[in-house]
Amino acid sequence: MTTPLEIGAGETALFWILAPISVIAALGLLFARKSVHAALSMIVVMLIAGVFYIANEAPFVGIIQIVVYSGAVMMLFLFVVMLVGRDASDSLIETIRGQRLATVLVTLGLVALLTVVVGQVTWGGAVGLAATNTETGNVTGLAYLIFGRYVWIFEVSALLLITAAVASMVLAHRTRLAPPPNQRAWAARRFREGKHLAGLPAPGVYARHNAVDTPALLPDGSISELSVSRVLAARSQVASPERFADAQDEIEREIEEGSER
Amino acid sequence: MSLVNYIYLSAILFSIGGAVVLLRRNAIIVFMGVELMLNAANLAFITFARMHGQLDGQVIALFVMVVASAEVVVGLAIIMAIFRSRRSASIDNANLLKA
Amino acid sequence: MTNPYTPMLILVALGAGFVIFSVGLAQIVGPKRYNRAKAEAYECGIQPSPQAAEGGRFPIKYYLTAMLFIIFDIEAVFLYPYAVAFDQLGLFTLLAMFLFLLNAFFIADAYVWKRGGFEWD
Amino acid sequence: MPTVFEAPEINWAAIAPMLVVMAGGLIGIVVEAFVPRRRRHSVQVALSVVALVLAFVALVTLTVDNRVKTLGGSVVMDGMSVFLQGSLIVFGLLGVLTMAEKFGGDRPDAFTPMGAAIPGSAYEAAADRAGLATSEVFPLALFSLSGMMMFVAAGDLITMFVALEVLSLPLYVLVGLARRRRLLSQEASLKYFLLGAFASAFFLFGSALLYGYAATTDLDGIAAAITETRPGLEPLLVPAILLVLVGLLFKVGAVPFHSWTPDAYQGAPTPVTGFMAAATKLAAFGAILRFVYVGVEGTRWSWEVGLAVIAALTMVVGAVLSVTQTDIKRLLAYSSIAHAGFILVGVLAFSTLGLRGVMFYLLAYGLMTIAAFAIVSMVRQGGTEATQLSQWAGLGQRHPILAATFGFLLLAFAGIPLTSGFTAKFAAFAPAIESGTLGVVLVVIGVLASAVTAFVYVRIIVLMYFSDATSEDVVAAEASPLTTAAVAVGAVATVVLGIVPGPVLELAAQASELIR
């Protein structure tokens, strides 16, 4: 247990490759214009943290970090970013004049303080966990502690999870106040209103073209505006059917001509 | 290399997280800054656990992850609720409360 | 091959290489035709149904599902060490685990279920 | 490193009160799941009250004689834990009573019928007509309370961290559930959440550094590590302590970490504000006391000046800014900041008497705060709370008893003799004076700050009694026995603790022992 820990060249290389990447990714969080980019750089930081946990002889925590944290939690973040709007970039207006400068100074101070403090520290030989991890086993050792010394925290964390469930239900779940309308109810409503009794007309189907962005033609040859989605109409992405109608005429003419030949 | 480098990294990540919280105006990014700070603390716990040859630090890191996930769920639920109310997630726009 | 993680490292390198190669190739070789419709939820232009509440991008219930998933994901974190060391932990831990699952799983589940949190309509 | 599994020893009697409160919350969730909507409210209120009364009984009968460290050191039930947990249960009970208030309606008046509905939407109105109610607030309050009880009794930093989250998460939600002015409420919730999470990150990083220093997060282990000094690791100690303290001071709302306080207090449903102001402050100070007195007192010369500066700043800023407030809830928030400063003065005495004074102060302050916010929730104009100070003009002429009670509570806030506020200030300041020059300076600042706040409070009393009402329709809502009881308990306690504080001071003195 008392032999000082030797850190191999492999881990040194791993550290010097991944640590700068994680710092750059963390800075990405600070400078990214879009929340999506921030979330993605956050995922990089968390993945690298997971790798470092594994390198630091904490394989189980490392895997959990990657599975739960980068996997599930950051997914939830991305979800909310999507929900909120992926380019809800932030305003750069300062609320308090000079706040930005003050914050930068405070942050630099914090970095300087922490690194200087860590730098002043002289570490004795680190013990390392290799022995424990091979003798007891990492996960078994963790289980001893989770269900032994830390069993109170383990039980209490159930309260956190249930609070989270209640919070999301209270804040995000909208109770249905009435049963959802079924097909019958829709039909009844359509007839009550007396419009489009047979439903809206389907979009156009032409000999060489069939797409929802092309309106159908009414018997008199005019365009049926009801047959295309109003989203497309609002975006003015509705294609003109004339091309296809002309093409159809052309084909018919060709067929007629062909039959005379 | 010594294990102290991990602690350096952890201190740097923690400070960047703090800066994100103070500088960014977008509630979601601010929250990610908090998560970054928690991760930095976890890295420190894991490294110290290795230094001391204990598993306690790892167990603590595990609990911190559990706590942080619950916090994420609650926090994002609040952010969602407020976003739906105001269609914006910038905390600068949250200005009904004036200091 | 002294380090057991070396194969894993090689796998990661291979995986990353493949991703970079294929994405890069698609960038270089693939045709790029811009179309606004491609930016929409459904390229064909169909309105998402049901409509996202008050013009949001997605209906909020997706969020609820994701969030409930995380809660149950976290419970698995504790189940694994329990399962690994199950034979050495004894009755006390069985009770502790039972209590944990009762609180965080059964009660939470019952609440969400009875309140319609799992209903997809 | 354990190589075989050992189950920790559990003293069930010692943790019984916490278990009862937690069980109350959990049963509350089951009630939410299975009891029909119409009956939920009454079932929840009854359940919460029963749970809290049972917890109090358990505390008095079982826990008092079981002053032990249990669960592997996670829970320390010493005199301070018992006293503070008892106070917390009382606050919880009063808080639940005020939260249950209906003001003649058919469901709790303070909370929105549907937290997920968009404010002002048709859906919200429909939910209101359908008679929905957020009865989850009661189990959430119980969860928060159990977190607070864990927080004051936590024997190591990681239990403290988890307890901090258990107490905070439900509060973040509760703050955002106001029935009226919901946008304000949700914003308050967001600000409180973001700053609270920020603070807990500081706490956690400090804990990590302390773990690096002491190789344990147990407070007694840290104390032992400090006395034996660790060559080479010394530079870690003070920054770590400062980071942990920053996290804790955020929670009590000390300057410069106070910016969430007025916003959260103003936006939250008023009964929640009262509960939060009383109970969170008590819990956070309990944790500060334990951390500072048990954990790191050995190195106090290196950080006590910093804490003293914060205490002085807190008193001055809280007092001065309360002068400029025009909203009664914000005013009480700044007053609570000033009180946090006064309590910090007592903490800095570093003596058993200081401990006694701080505990007494926390109890007295909590009782008057809950009552004061309950009164604020009663004063209405056109159905919504009249929180603007100008709306309170002339209230004394129309509602003499209500205004008199509120005026009396304000005098107690100011620390006028014959109120509990005076006894509390005396009990907190006297040991500080004995502790040395620093204490004397702080007490002088404290007395001056008290004078400033007294001016603010007297101005409100003058406004209530000697100004003409700006509009006639500001009225006090007809309160049910629930709120009336909460106000009565708070006011009577303020009188009793002011006139005959002896027994409670004696109780606090007996409770001023810490298991290290």
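Colleague: Where does D:Pro256 lie?

Modeller: In the loop of chain D that runs between H9 and helix H10 (260-267). Bear in mind that this is a predicted model.

Colleague: And what is the peptide bond from D:Val255 to D:Pro256, cis or trans?

Modeller: Cis, since omega is near 5° there. Most peptide bonds are trans.

Colleague: What makes phi of D:Phe350 worth a remark?

Modeller: The value is near 50°, so it is positive, and the residue isn't a glycine. Most residues other than glycine have a negative phi. D:Phe350 sits in the loop of chain D between helix H13 (328-347) and helix H14 (352-378).

Colleague: How do you know whether D:Phe350 is buried, exposed or partly exposed?

Modeller: Count the other C-beta atoms within 10 Å: D:Phe350 has 18. Buried needs 20 or more and exposed needs 12 or fewer, so D:Phe350 comes out as partly exposed.

Colleague: What about A:Glu57, buried or exposed?

Modeller: Buried, because A:Glu57 has 23 C-beta neighbours inside 10 Å and the cut-off is 20 or more. Its phi is positive too, near 65°, in a residue other than glycine. A:Glu57 belongs to the loop of chain A between helix H2 (35-55) and H3.

Colleague: Back to chain D as a whole. How do you know how compact chain D is?

Modeller: Start with its make-up: 20 helices and five strands. The radius of gyration is 22 Å and the globule rule gives 24 Å for 516 residues; those are close, so chain D is as compact as a globular protein of that length. The C-alpha atoms fill a box of roughly 70 × 55 × 40 Å along the principal axes. As for burial, 64% of the 516 residues of chain D count as buried. And of the contacts in chain D with a separation of 6 or more, 81% are between residues 24 or more positions apart.

Colleague: How is chain A divided?

Modeller: Into domain 1 (8-88) and domain 2 (201-260). Over C-alpha atoms, the centres of those two domains of chain A are 51 Å apart.

Colleague: Now H3(A) and H3(B). What makes them roughly parallel, oblique or roughly antiparallel?

Modeller: The axes of helix H3 (residues 59-84) of chain A and H3(B) cross at roughly 5° and come within 11 Å. Angles under 35 degrees count as roughly parallel, so that is what H3(A) is to H3(B). Among the residues that meet are A:Val61, A:Leu76 and A:Leu83 from H3(A), with B:Leu62, B:Val72 and B:Phe83 from H3(B). The contact of these helices has 17 nonpolar, three polar and no charged residues.

Colleague: How many residues does the contact of chain B with chain A take?

Modeller: 62 from chain B and 68 from chain A. On the chain B side, helix H1 (4-23), helix H2 (27-52) and helix H3 (56-86) each give two or more residues. H3(B) gives the most, 21 residues. That side splits into 43 nonpolar, 13 polar and six charged residues.

Colleague: And which element gives the largest share of the side of chain D that touches chain A?

Modeller: H6(D), with eight residues. In total, 41 residues of chain D contact 32 residues of chain A. Other elements that give two or more include helix H1 (12-34) and helix H9 (234-252) of chain D. By class, the chain D side has 30 nonpolar, eight polar and three charged residues.

Methods. Residues numbered from 1 in each chain as written. Chains lettered and ligands numbered in written order. Predicted model: local features only at pLDDT ≥ 70, side-chain atom pairs only at ≥ 80, totals over all residues. Contact = placed C-beta atoms within 7 Å. Helix = DSSP H or I, 4+ residues; strand = E, 2+ residues; numbered from the N terminus. Nonpolar A, V, L, I, M, F, W, Y, C, P; charged D, E, K, R; others polar. Domains from an automatic or database assignment. Rg over C-alpha atoms; globule rule 2.2 N^0.38 Å. Axes fitted to C-alpha atoms, helices over the stretch in contact; angles between N-to-C directions. Parallel < 35°, antiparallel > 145°, perpendicular 65-115°, else oblique.
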